[in-house]
Structure formats: C-alpha cells, structure tokens
Amino acid sequence: MTPEQYQKALLIIDGITAQLESLKALLNTRPTPEVKKATKPPSPTGSKYATASSLSADQLGPTPDLDEPSWPLAVPSHMLVNTDDPMVRQFRAIQVIGIMSIPLSGLKVLDFGCGDGFVSQELANNSEKVVGFDIRNHKSWASHNNQNLMLTTEWSTVVSNAPYDLVIGFDTFDHLENVDLDDAMKSLWEVMSRDSRAFFRFHPWTAKHGSHLYERCNKAYAHLVLTPDELAQKRLFADYNVKITRPFATYDSLFTKNGFSILKRKGHTEEVEAFFDDRLIDRINKVCYRGKAEKDAIRKIMALQFIDYTIKKASP
C-alpha cells in the first residue's frame with residue numbers, strides 16, 4: 001500500500017467511526033419506547049350488558065400453568081383442521097345449513113356477517129336469492145359466482161334488496177367490533193317484514209373455545225382463567241369478542257328490547273371438566289366477574305357452548 005492509499009484508508013475509517021459515534025449518540029438520546037400492556041378492548045355495548053371485568057393483578061394470585069399436561073383441550077385434536085382450505089370451508093358451510101334445519105326453497109335470505117361467503121354460497125344453492133353482508137371484502141368472494149348471490153360491504157345494498165324472508169347470523173354478534181349491538185338489531189328489524197324469520201347462533205365468550213384462542217393454544221377456558229395481560233406475556237392473543245358474561249339474559253334482552261319475539265331458544269352444553277376445580281373457578285370469578293358471582297352459576301355458564309335462536313318481529 002502506498003502512503004497515499006494508507007492516508008486515504010485512514011480517512012475512510014475515521015469517517016465511519018464518526019458516523020458510528022453519531023448514531024450511538026442519537027440512540028442514547030432517544031427515549032426508551034414504552035412497552036404497552038395488552039388491554040381489554042372497550043365493550044361496544046357500554047354498560048348496557050354484563051361484560052367481563054377483572055380484579056387488579058395483585059388480587060388474582062399466581063398465574064396458572066397452561067403447560068400443565070392434564071389441562072383439558074378446548075377442541076378435540078382430530079377436529080383441528082386447516083380452515084384456509086376451501087374444501088374445509090365448503091364442508092363447514094354445509095354443516096351450518098344442516099344446523100339451521102330451515103326449508104330454504106323460494107326464500108330471499110340475508111346472511112348477516114357472511115365472512116368468507118361460503119355459507120352464503122351454500123344458501124344460494126338452496127334458495128331464490130341471497131345477499132351476504134360483511135364489513136370487509138374477502139378474497140374468496142371472487143370464487144362465488146352463483147347468479148342469485150350478491151356479496152357486499154354496503155349496507156345500502158342490503159336495504160335496497162329488502163325485505164328478506166330469512167335473516168341468519170352465524171357466530172356473528174359475539175364478534176361485532178365497534179358496533180352497538182342494539183343498533184345492529186334495529187338495522188335488521190328494518191329489513192325484515194312481519195312474516196320474516198331470523199336464525200342466530202351465538203358462540204358465547206364464556207364457552208371453552210369462545211375466544212377462538214384454541215387455534216394458537218388449544219386449552220379449554222384459557223381466556224377465562226388468564227387475563228389478557230397474562231396471555232400477552234405468553235404471546236397469545238385471542239380474537240376480538242364481546243365479552244358477554246351472562247349469555248342467556250343478554251341475548252334474550254337484546255332481542256326483546258329491540259322489537260323481536262323469541263320463537264325458539266336452544267342451548268348446547270358440555271359438562272365442565274373436574275380439572276376446573278374450586279381453585280380455578282375462583283380465579284375465573286376474579287378475572288371475569290370481579291369475584292362477585294356464585295361458583296355454581298359460573299359452572300352453568302361455562303357449560304354453555306352455543307345458543308340457537310329463532311325470532312320474528314314482535315306483534316305491534
């Protein structure tokens with residue numbers, strides 16, 4: 001290396017060193033980012049309905065160990081499938097139609113909260129006309145080409161095609177984010193006639209798989225036993241839910257106060273495993289009910305996995 005090349009190399013090194021020192025100084029002067037704890041999303045229903053409320057962390061006691069081998073599963077292992085598979089979605093859509101067990105021939109149907117549109121497509125295969133409504137467009141909509149099927153994100157389109165003979169909402173209301181439940185019911189009331197019927201399946205947050213957390217952590221009731229902060233520490237984040245803690249009372253009131261009559265109500269229950277002894281029930285009480293609920297009442301609520309309603313407009 002010639003003296004000229006050596007001097008040039010030193011200048012380059014000095015320049016790099018100066019840049020590194022400047023960068024170091026800049027980083028040292030930047031404030032440390034605040035680590036935000038996971039918080040419960042605000043309930044869109046405000047104080048009108050009973051939603052989960054926890055005691056403070058220092059009142060809850062030790063965090064239960066989700067890795068405990070005997071912790072029951074939220075969903076049997078053989079039922080965990082790839083929900084991105086169109087064939088699986090189509091099969092589930094057929095199951096939904098079977099669960100409703102409603103004659104569809106000749107009906108105009110509104111699928112409220114239609115999601116990926118597979119249920120709407122199956123409805124269209126069996127009815128006169130279907131309008132599927134969701135708050136966002138889904139890529140899978142492009143694959144549904146039934147001539148009597150319309151999928152939309154515009155409520156004005158829903159209104160312009162009203163009235164509907166049948167309205168369905170399958171696992172929808174428990175996931176309505178930033179929407180007032182009463183307002184949603186009033187909107188549905190307006191697109192139904194006196195002869196219309198509506199079928200709703202609720203998947204209560206208090207069910208063993210109510211938060212859909214099982215897709216990431218297949219442990220029954222984990223979302224009730226642990227707080228959102230405790231779950232976040234384990235990198236577990238549940239789907240958005242309206243955290244209704246008294247399902248029957250809440251859903252009954254949602255319908256009757258908004259101008260509907262309940263024609264049929266059916267709860268689907270599963271026995272709560274003995275694993276959830278008084279110790280864990282006590283913690284659920286603290287996490288979800290601020291310690292103010294009766295243990296037997298909590299067990300009955302936990303046993304409730306789904307609720308099906310058939311309703312109509314109330315007589316004037």
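Me: A helix here is a DSSP run of H or I that is at least four residues long, numbered from the N terminus. With that settled, which residue follows α9, and what is the sign of its phi?

Reply: The model is a predicted one. In it, α9 is followed by R290, and the phi of R290 is positive, near 55°.

Me: What makes residues of α9 count as buried, and which ones are they?

Reply: The cut-off is a relative accessible area under 20%. In α9, which runs over residues 278-289, the buried residues are L280, I281, R283, I284, N285, V287, C288 and Y289. Their cover includes α6 (222-225), α7 (228-233) and α10.

Me: Why is α9 called roughly perpendicular to α10?

Reply: The axes of the two helices cross at roughly 85° and come within 10 Å. Angles of 65 to 115 degrees count as roughly perpendicular, and therefore α9 is given that description relative to α10.

Me: Which residues of α9 and α10 meet?

Reply: From α9 the residues are D278, I281, D282, I284, N285 and Y289, and they meet K295, I298, R299, I301 and M302 of α10. Of the α9 residues in that contact, I281, I284, N285 and Y289 also appear among the buried ones.

Me: How is the sheet ordered, and what makes a strand an edge strand?

Reply: The sheet is open and has seven strands in the order β3-β2-β1-β4-β5-β7-β6, with mixed pairing. An edge strand pairs on one side only, and this holds for β3 (149-152) and β6 (260-269). From one strand to the next the twist averages 15°.

Me: How do you know that β5 and β7 pair?

Reply: Pairing takes at least two bridges found by DSSP. β5 (residues 192-202) and β7 (residues 304-313) have five bridges, in the antiparallel sense, so the condition is met. Within this pair, R201 stands opposite D308 in β7.

Me: Which helices pack on the sheet beside β7, and at what angles to it?

Reply: Helix α8 (residues 247-256) touches β5, β6 and β7, and its direction makes about 15° with that of β7. Helix α10 (residues 295-303) touches β6 and β7, with about 75° between its direction and that of β7. Because angles under 35 degrees count as roughly parallel and 65 to 115 as roughly perpendicular, α8 falls in the roughly parallel class and α10 in the roughly perpendicular class.

Me: What makes K257 and D182 a salt bridge?

Reply: The test is a side-chain nitrogen of Lys or Arg within 4 Å of a carboxyl oxygen of Asp or Glu. For K257 and D182 the N to O distance is 3.6 Å, so the pair passes. K257 is in the loop between α8 and β6 while D182 is in helix α5 (residues 181-190), which means that the bridge ties together parts 75 residues apart in sequence.

Me: Why is K257 called partly exposed, and is D182 buried or exposed?

Reply: Under 20% is buried and over 50% is exposed, with partly exposed in between. K257, at 46%, is therefore partly exposed, whereas D182, at 5%, is buried.

Me: How many salt bridges does the whole structure hold, and how do D252 and R265 qualify?

Reply: The search finds ten. One of them joins D252 and R265, whose closest N and O atoms are 2.7 Å apart, within the 4 Å limit. D252 belongs to helix α8 and R265 to strand β6, so parts 13 residues apart in sequence are tied together. Both count as partly exposed: D252 at 21% and R265 at 40%. E215 and R216 also form a salt bridge, at 3.8 Å from N to O, and K208, E270 and E273 are linked in a network of such bridges.

Me: How many disulfides are there, and are C114 and C217 buried or exposed?

Reply: A disulfide needs a pair of cysteine sulfur atoms within 2.5 Å, and the search finds zero. C114, at 7%, and C217, at 12%, are buried.

Me: Why is M87 called exposed, and where does it lie?

Reply: M87 lies in helix α2 (residues 86-100). Its relative accessibility is 64%, and the cut-off for exposed is over 50%, so the word applies. The C-alpha atoms of M87 and F118 are separated by 9.9 Å, with their positions 31 residues apart along the chain.

Technical notes:
Residues numbered from 1 in each chain as written. Predicted model: local features only at pLDDT ≥ 70, side-chain atom pairs only at ≥ 80, totals over all residues. Heavy atoms only, no water. Axes fitted to C-alpha atoms, helices over the stretch in contact; angles between N-to-C directions. Contact = heavy atoms within 4.5 Å. Buried < 20%, exposed > 50% of the residue type's maximum accessible area, 1.4 Å probe, protein only. Parallel < 35°, antiparallel > 145°, perpendicular 65-115°, else oblique.
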